[in-house]
Amino acid sequence: MSSSLKLLHDYNSDGSSSCTEDEETPVNEENDVECRLPLPNSLKVNHKQEVNDEPEKHDGRVRCYPHQRGNWNSLIFIPYESDASFDILCDQIIELCKPKVDLKRINDPHISLTRTFILLYHWIDSFVLSVKKSLRSFHRFDVQFDNLKVYCNEEKTRTFLAFSVGLGKLEILKSVQLLDRCLSEYKLHPFYQEASFHMSILWCLGDKKNELEELLTQINETLTINLNESFDSAFQIRNYICKIGNKIFDINLV
């Protein structure tokens with residue numbers, strides 16, 4: 001074994017030992033010293049290191065499951081481009097619900113096509129390719145929202161006010177079925193069996209479902225006024241988004 005290969009072989013990942021002379025090894029031109037070199041700090045991996053959850057930096061939101069290094073939080077969804085009339089509607093609903101419920105805006109409103117799932121890094125390329133292949137002949141379609149409804153997450157840590165989907169529900173269901181097959185290839189959970197397709201627009205901390213449902217009639221009256229004046233609840237779906245960690249993959253429909 002050459003001296004360079006021997007050094008690599010003797011590399012100790014914990015960097016606990018410094019260079020020590022091996023008395024049994026003869027000194028010559030090819031192998032004048034054999035030693036263990038400390039691993040640079042930049043290359044050390046602390047497997048016990050944890051990422052601390054800091055809800056105060058995220059409006060009080062908490063993780064549903066702990067962060068693990070190498071796992072990429074992922075989601076496939078239909079994006080929505082808000083406009084001035086949408087912003088006005090949200091502002092009016094926020095004011096209507098004060099002080100009973102303190103609602104906040106959803107930064108990127110969307111219609112989910114999957115649950116949030118975990119991908120390993122080496123799965124990313126093949127998974128995206130599988131998704132694009134499954135949807136390669138899927139056509140654009142129109143969506144129209146119905147009334148606003150109240151939803152609460154499984155952990156009861158957040159409550160949402162959301163548009164339920166009316167027109168376009170069948171096409172979304174077909175998309176979900178195709179995506180479920182892709183997820184099953186990686187032993188990932190499918191979408192909810194009794195799916196209620198919706199787009200969340202506002203949220204609050206905790207389980208405030210009862211409080212918001214008491215205000216729901218007034219909220220939908222506000223929606224009706226805006227529909228008559230400026231807000232358009234119908235739009236065309238041209239693409240889906242596959243978000244994997246900080247990577248964004250655009251999936252265009254034909």
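**Briefing: a pocket, two helix pairs and two backbone features**

Strand S8 gives the most to the lining of the second largest pocket, contributing four residues. The structure described here is a predicted model, and the points below take up that pocket, then the packing of H3 with H4 and of H2 with H5, and finally two places in the backbone, at Pro 99 and Lys 156.

**The second largest pocket**

- The volume of the second largest pocket comes to about 290 Å³, and of the 13 residues that line this pocket, those closest to its centre are Pro 79, Glu 81, Phe 235, Gln 236 and Arg 238.
- Two or more lining residues come from each of strand S1, which spans 71-79, and strand S8, which spans 234-237.
- Sorted by class, the lining of the second largest pocket is made up of seven nonpolar, two polar and four charged residues.

**Helix H3 against helix H4**

- Helix H3 (residues 124-134) and helix H4 (residues 169-185) have axes that come within 9 Å and cross at roughly 155°; since angles over 145 degrees count as roughly antiparallel, H3 and H4 are therefore roughly antiparallel to each other.
- The crossing of these two helices, H3 and H4, is right-handed, and the contact is made on the H3 side by Phe 127, Ser 130, Val 131 and Ser 134, and on the H4 side by Leu 178, Leu 179, Cys 182, Leu 183 and Glu 185.
- By class, six nonpolar, two polar and one charged residues make up the contact of H3 with H4.

**Helix H2 against helix H5**

- The axes of H2 and helix H5 (residues 209-229) come within 10 Å and cross at roughly 150°, and H2 passes H5 in a right-handed crossing.
- From H2, the contact is made by Ile 88, Leu 89, Gln 92, Ile 93, Leu 96 and Cys 97, while H5 supplies Leu 212, Leu 215, Gln 218, Ile 219, Thr 222, Leu 223 and Asn 226.
- The residues in the contact of H2 with H5 divide into nine nonpolar and four polar, with no charged residues.

**Backbone features in loops**

- The peptide bond that runs from Lys 98 to Pro 99 is cis, with omega near -10°, and Pro 99 lies in the loop between helix H2 (84-97) and strand S2 (104-105).
- Lys 156, although it is not a glycine, has a positive phi of about 60°, and this residue is found in the loop between strand S5 (141-152) and strand S6 (158-165).

Key:
Residues numbered from 1 in each chain as written. Predicted model: local features only at pLDDT ≥ 70, side-chain atom pairs only at ≥ 80, totals over all residues. Heavy atoms only, no water. Axes fitted to C-alpha atoms, helices over the stretch in contact; angles between N-to-C directions. Parallel < 35°, antiparallel > 145°, perpendicular 65-115°, else oblique. Left-handed = near helix turned anticlockwise from the far one by under 90°. Contact = heavy atoms within 4.5 Å. Nonpolar A, V, L, I, M, F, W, Y, C, P; charged D, E, K, R; others polar. 1 Å grid on protein atoms, 1.4 Å probe; cavity = no way out; pocket = protein on both sides within 12 Å on 5 of 7 lines; lining within 4 Å. Points joined across faces, edges and corners; volume = space filled by probe spheres on them.
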